[in-house]
Amino acid sequence: MNKHTKRVYGTLIVLFCFLVFAFFYVKNDTEKAKNDMPKIGVLQLMSHPALDEINRGLDDTLKKNGYIDGKNIKIEFQNAQGDQSNLRTISKQFVEDNVDVAVGIATPSVQSLNSATSNIPIVMGAVTDPKGFGIIPSNTKPGGNITGVSDQAPIDQQLSLIKQIMPNTKTIGIIYTSSDMSATTEAKRMQKLAEKQNLKVNVKTINSINDLDQIATDLSQNVDAIYVPTDNTIASGMQLLSKIASQNNVPVFPAATTMVKDGGLATVGISQYELGQKTGEDVIKILKGKKPGDIPVTFIKNGHLILNEKQAKKLNIQFPDSLVNKAEKKGQVIK
């Protein structure tokens, strides 16, 4: 082997070593960057349209503000599938992973995260009555490591809507899941308000989705209209409830706008997507250094009118023109 050939081989070996070094340097640098990204743990109670919309609003708000999963933040999304043991396991995993912010979508998710940590910032993605449930001491000054958004429904507006659409209503049925704290709170508020307005109220509860068929059948035979609060379990069975009630020519007025799309007649409800947007805004505040205890809980005051004309035709119900005009302006009429 001559001197020239040796020099060429030597150069190639040096170049190869440099490339190997550069590869591992860039790889290690990339891995370090990934490890340094803020981590957001998102715990969703179960899959159904209302909670999915909250998560979509959260994701879109983060992206809109430049927080991109895999680029400058890491989002660890977990769905508990409605299982309490899953909630506990995932909450503990978030603590072990040392996430920078934990988001709980629905009250049981927040309660589970709250039991798992008192140090990691927690953002409530829709808890009806945070103070009343004992999650925080104050809605205006939460203190500690928790803040977020309330999905407290505008009950008075919802009852007013029922009376506008069905002025001859004398008996309202209320159905909710007995173990759902948010649903229980709203159901009791509706019952108290309706009785104040001299309406008879027939209240039924279910323990699980398996009870819905029989309970809904009994209830719809004895009322003029059915009201459903923000209830995760019944939301997943909304189409069944609507079908049973329709067989008895009884409309269902749900608290959540997403439940109207699944067979409810109408509501003045809070946008689940907007709840997600507000949740995302709180996450961003915390990522920028603000303490969760210094961020007041957000209550959305203005409900969105949504009408289901398809369901109205099925029940031979005519919406007042004033409501139709108002809903059409916002594109909130299901046809």
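Guide: In this predicted model, a residue counts as buried when its relative accessible area is under 20%.

Visitor: What percentage of the residues of the protein count as buried?

Guide: The fold is made of 13 helices and 13 strands. Its accessible surface comes to about 17000 Å², and carbon and sulfur atoms hold 49% of that. Of the 335 residues, the share that counts as buried is 48%.

Visitor: Among contacts in the protein with a separation of 6 or more, what share comes from residues 24 or more positions apart?

Guide: A contact here requires heavy atoms within 4.5 Å. For pairs with a separation of 6 or more, residues 24 or more positions apart account for 72%.

Visitor: How far does helix α11 reach from its first C-alpha to its last?

Guide: Helix α11 covers residues 272-287, which is 16 residues. At 1.5 Å a residue the expected span is 22 Å, and the span in the model is close to that, at 23 Å.

Visitor: Which residue just after α11 takes a positive phi?

Guide: The helix α11 runs over residues 272-287. Just after α11, a phi of about 110 degrees is found at Gly289.

Visitor: Is Asp282, which meets Lys285 in a salt bridge, buried or exposed?

Guide: The side chains of Lys285 and Asp282 meet at 3.8 Å, N to O. The two are about one helical turn apart because they sit three residues apart in α11. Lys285 has 37% relative accessibility, so this residue is partly exposed. Asp282 has a relative accessible area of 1% and is therefore buried.

Visitor: Which residue forms a salt bridge with Arg56 at 3.7 Å?

Guide: Arg56 lies in helix α2 (residues 49-64), and the partner lies four residues away in that helix, about one turn. Arg56 is partly exposed at 39% relative accessibility, and the partner is partly exposed as well, with a relative accessible area of 27%. With the closest N and O atoms 3.7 Å apart, the partner is Asp60.

Visitor: Is Lys335, the salt-bridge partner of Glu328, buried or exposed?

Guide: The closest N and O atoms of Glu328 and Lys335 are 3.7 Å apart. Glu328 has a relative accessible area of 40%, so Glu328 is partly exposed. For Lys335 the value is 66%, which means that Lys335 is exposed.

Visitor: Which residues do salt bridges that share partners join into one network?

Guide: The count of salt bridges comes to four. One of them pairs Arg56 with Asp60. Through shared partners, one network joins Glu53, Arg56 and Asp60.

Technical notes:
Residues numbered from 1 in each chain as written. Predicted model: local features only at pLDDT ≥ 70, side-chain atom pairs only at ≥ 80, totals over all residues. Heavy atoms only, no water. Expected span 1.5 Å × (residues − 1). Buried < 20%, exposed > 50% of the residue type's maximum accessible area, 1.4 Å probe, protein only. Areas by Shrake-Rupley, 256 points an atom, 1.4 Å probe, with all protein chains shown as cover.
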